[in-house]
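Here is my note on the model you sent over. Please read it with the coordinates open.

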Amino acid sequence: MMRTRRSSSSATSLKQRAYNHLRDGMLSGRIRPGTRLSEVALSESIGISRTPLREAIHQLESEGLVEQMPRFGAFVRVLERQDLLELYDLRQLMETHAAARAAQRITDAELEEMRAHLQTMKKAAHALRDRDWNTADEQAIGRFVIADLAFHLVLIRAAGNRRLMKLIADAGMLTQIFGYQRDNPAVPLVKHLAQVYRGHAEILRALSKHDAKGACDWLRRHIEHAREKAMARCDAQEQAQRDADLMPARAVRELVDRMQRGELRSELERRS
């Protein structure tokens with residue numbers, strides 16, 4: 001009986017290890033949206049068998065972070081613009097409600113836990129000072145993002161609604177993974193992280209005063225700011241894709257224009 005319990009505990013810990021590795025990689029940007037999750041490569045890099053890894057991938061799939069494509073395997077989910085809009089709207093509705101409840105119920109221990117996460121965010125942001133998105137320390141970014149998510153989870157837990165916590169946690173994870181991607185940022189890294197940190201500090205200040213209105217207002221501003229940045233990034237990516245799609249057509253058009261102006265004939269005559 002004892003051996004069975006130990007075996008079960010070991011399997012759970014291996015699954016959790018795989019889950020944490022994948023989740024933290026997604027949050028830090030090391031594992032990007034659209035990445036195929038190769039069981040062979042991941043089991044080797046994590047140092048576990050494929051069974052607990054497969055279980056971790058299934059858990060991430062149930063949370064909406066991973067999607068299975070028949071015959072191709074598991075991929076980190078790619079969010080469309082409308083997906084993000086809906087997730088941020090959902091977060092704003094649910095988290096402001098949770099903040100109002102948390103302001104009335106939050107304990108000193110929970111406030112201290114949130115302060116610890118805020119301090120982790122501050123230290124990570126300082127470690128990234130004077131860097132840009134291309135040279136930034138991936139581990140420091142990961143620490144910041146995970147502490148950011150943990151801060152929100154404590155707030156939701158303080159609201160005392162377990163079902164609400166599950167819904168918000170899943171939506172928050174998805175928006176966090178997208179929100180901290182490092183390509184073509186709208187603002188410099190340190191400025192962005194400073195804005196996020198200040199928003200969290202104001203939320204915590206309101207909660208510590210049991211100010212429900214203040215907590216709701218600051219949380220609403222924080223989510224609106226995050227939504228604006230995510231939408232700007234979506235727009236920039238869509239424009240870049242449109243430009244890339246148009247490049248061949250533009251090249252052909254320019255070639256035809258040059259031929260009509262006689263520029264190509266003149267150039268060939270000079271070379272001959």
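**Notes on the fold and its packing**

1. Start just past helix H8. H8 is followed by His210, whose phi is positive, near 55°. The model is predicted, so local features need pLDDT of at least 70 and side-chain atom pairs count only at pLDDT 80 or more, while totals for chains, interfaces and linings use all residues. Residues are numbered from 1 along each chain as its sequence is written, and side-chain values use heavy atoms, with hydrogens and water left out.

2. H8 itself covers residues 189-208. Helices here are DSSP runs of H or I with at least four residues, strands are runs of E with at least two, and both are numbered from the N terminus. The expected span of a helix is 1.5 Å times one less than its number of residues. For the 20 residues of H8 that gives 28 Å, and the end C-alpha atoms are 29 Å apart, which agrees. Buried residues of H8 include Leu189, His192, Leu193, Val196 and Gly199. Buried means under 20% relative accessible area, exposed over 50%, and partly exposed in between, with a 1.4 Å probe and protein chains only.

3. Helix H4 (residues 81-105) passes the length check too. Its 25 residues should span 36 Å, and the end C-alpha atoms are 35 Å apart. Buried positions in H4 include Leu84, Leu87, Tyr88, Arg91, Gln92 and Glu95.

4. Overall layout: 10 helices and two strands. From the N terminus the order is α-α-α-β-β-α-α-α-α-α-α-α. Of the 272 residues, 40% count as buried. Contact means heavy atoms within 4.5 Å. Among contacts with a separation of 6 or more, 75% join residues 24 or more positions apart.

5. Surface: the accessible total is about 15600 Å², and 51% of it belongs to carbon and sulfur atoms. Areas come from the Shrake-Rupley method with a 1.4 Å probe; for residues, only the protein chains shown count as cover.

6. Which residues have the most contacts inside the largest nonpolar core? They are Leu22, Met26, Leu37, Leu53, Met114, Leu155 and Leu207, in a core of 67 residues. Helix H6 (residues 138-158) gives the most to this core, with 11 residues. A nonpolar core is a set of buried Ala, Val, Leu, Ile, Met, Phe, Trp, Tyr and Cys residues joined through side-chain atoms within 4.5 Å.

7. Leu174 lies in helix H7 (residues 162-179). Leu174 is buried because its relative accessible area is 9%. Beyond four places in sequence, Leu174 contacts Gly64, Leu65, Arg77, Leu79 and Leu87. Leu174 and Met26 are 148 residues apart in sequence, yet their C-alpha atoms are 9.5 Å apart.

8. Ala124 belongs to helix H5 (residues 108-127). Ala124 counts as buried, at 2% relative accessibility. Leaving out residues up to four places away, Ala124 touches Ala140, Arg143 and Phe144. Between Ala124 and Ala147, 23 residues apart along the chain, the C-alpha separation is 9.4 Å.

9. Ser43 sits in helix H2 (residues 39-46). Is Ser43 buried or exposed? At 10% relative accessibility, Ser43 counts as buried. Outside four places in sequence, Ser43 touches Ile48, Ser49, Arg50 and Leu53.

10. One charge-over-ring item to check: the charged end of Arg221 sits over the ring of Trp218, 4.3 Å from its centre. The criterion is NZ of Lys or CZ of Arg within 6 Å of the ring centre and within 35 degrees of the ring normal.
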